[in-house]
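Please open the structure in your viewer and keep the selection tool at hand. The tour below proceeds from one selection to the next and states what is to be found at each stop.

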Amino acid sequence: MRCKCKNGLMERSVKPEHTEDLGGIVVKVLNAVVVNRCSSCGEEMIGIPDLQGLARAAALARAQSPERLSGKEVRFIRRALDQTQKDFAEAMDLSAEHVSRWENDHKGIGAASEKLVRHNVCALLSEGCEYDPKTIANMQFIPYPDEGLPPIEMVRVRVPHRQSEDDTMWSEAA
Ligand SMILES: [Zn+2]
């Protein structure tokens with residue numbers, strides 16, 4: 001492919017690491033992001049495969065991590081589920097007003113309720129993924145750190161015997 005500068009060709013490579021703010025959750029994608037870089041002007045085009053699958057896998061990973069969820073993270077997880085505030089509230093047995101206050105960091109929910117929400121979220125997101133409900137059942141919450149959380153490292157993994165054309169999916173890096 002020729003670059004729009006007309007002097008160079010776009011050369012394709014795979015970035016060993018790429019950090020992306022998905023809006024509420026930051027991920028570090030390992031060995032999966034394709035970059036097309038012009039040999040002449042240095043123009044870069046980044047391609048992240050299966051962005052929606054990445055958001056769902058990142059939400060699943062975050063729900064299994066013990067820091068209390070921030071409002072932005074709750075919004076991220078809800079969007080990864082492709083739910084409106086109303087849908088999410090109904091699915092989680094919360095009022096829409098409560099979800100709104102939670103997402104805006106005005107009022108959180110109790111630890112017992114948050115555990116239940118996480119169980120539900122993981123059940124809804126875990127199709128085809130390894131997920132152990134005991135991780136959440138045994139979880140001792142810790143406060144959300146002031147400095148935020150480090151990026152979640154994500155990789156593409158092969159899924160054997162999958163029916164669809166694409167036999168890879170996103171997973172948290174071990
Ligand atoms: Zn160029």
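**First stop: the nonpolar core.** The model on display is a predicted one. Begin by selecting Ala 58, Ala 59 and Met 154, the residues with the most contacts inside the largest nonpolar core, a group of 29 residues. At least two residues of this core come from each of β2 (26-38), α1 (51-63), α2 (71-80), α3 (85-92), α4 (96-103), α5 (111-125), β4 (152-158) and β5 (168-172). Helix α1 gives the largest share, with eight residues. Now keep Ala 59 alone and display its surroundings: leaving aside residues up to four places away in sequence, Ala 59 touches Phe 76, Ile 77, Ala 80, Val 121 and Leu 125.

**Second stop: the whole chain.** Next, show the protein as a cartoon. Six helices and five strands make up its secondary structure. Followed along the sequence, the elements appear in the pattern β-β-β-α-α-α-α-α-α-β-β. The C-alpha trace spans about 60 × 40 × 30 Å along its principal axes. Of the 174 residues in the protein, 22% are buried. Among contacts with a separation of 6 or more, 60% are between residues 24 or more positions apart.

**Third stop: the strands at the start of the chain.** Select strand β1, residues 10-21. How many of its twelve residues are buried? The count is zero, and the strand is hardly covered. Add β2 to the selection: β1 and β2 run antiparallel and are joined by eleven bridges. One position to mark is Thr 19, which stands opposite Lys 28 in β2. The hairpin of β1 and β2 has four residues between the strands, and Gly 23 there takes a positive phi near 95°.

Then extend the selection to strand β3, residues 44-47. Four bridges join β3 to β2, and the two strands run antiparallel. Here Asn 36 has Met 45 of β3 as its bridge partner. The hairpin formed by β2 and β3 has five residues between the strands, and in its turn Gly 42 has a positive phi of about 85°. While the strands are displayed, a general point may be kept in mind: in a regular strand, side chains alternate between the two faces of the sheet.

**Fourth stop: Ile 25.** Return to the loop between β1 and β2 and select Ile 25, which is found there. Is this residue buried or exposed? Ile 25 is buried, because 22 other C-beta atoms lie within 10 Å of its own, and a count of 20 or more is what burial requires. Not counting residues up to four places away in sequence, Ile 25 touches Ala 58, Arg 62, Glu 73, Phe 76 and Ile 152.

**Fifth stop: helix α2.** Select α2 next. Seven of its ten residues are buried, so the helix is largely enclosed by the rest of the structure. The buried residues of α2 are Glu 73, Val 74, Arg 75, Phe 76, Ile 77, Arg 78 and Ala 80. Display α1, α3, α4 and α5 as well, since these are the helices against which the buried residues of α2 pack. After α2 comes Asp 82, which has a positive phi, near 60°.

**Sixth stop: Gln 85.** Move on to Gln 85, which lies in helix α3. Gln 85 counts as partly exposed because it has 18 C-beta neighbours inside 10 Å. Apart from residues up to four places away in sequence, Gln 85 touches Arg 78, Ala 96, Val 99 and Ser 100. Two distances can be drawn from this residue, C-alpha to C-alpha. Ile 25 and Gln 85 are 60 residues apart in sequence and 18 Å apart in space. Gln 85 and Asp 132 are 47 residues apart in sequence and 27 Å apart in space.

**Last stop: the pair α3 and α4.** Finally, select α3 and α4 together. How are these two helices oriented to each other? They pack at an angle of about 110°, with axes 8 Å apart, and are therefore roughly perpendicular. On the α3 side the contact is made by Gln 85, Lys 86, Phe 88 and Ala 89, and on the α4 side by Ala 96, His 98, Val 99 and Ser 100. Coloured by class, this contact shows four nonpolar, three polar and one charged residues.

Terms used
Residues numbered from 1 in each chain as written. Predicted model: local features only at pLDDT ≥ 70, side-chain atom pairs only at ≥ 80, totals over all residues. Core = buried A, V, L, I, M, F, W, Y, C linked by C-beta atoms within 7 Å. Contact = placed C-beta atoms within 7 Å. Pairing = 2+ DSSP bridges. Axes fitted to C-alpha atoms, helices over the stretch in contact; angles between N-to-C directions. Parallel < 35°, antiparallel > 145°, perpendicular 65-115°, else oblique. Nonpolar A, V, L, I, M, F, W, Y, C, P; charged D, E, K, R; others polar.
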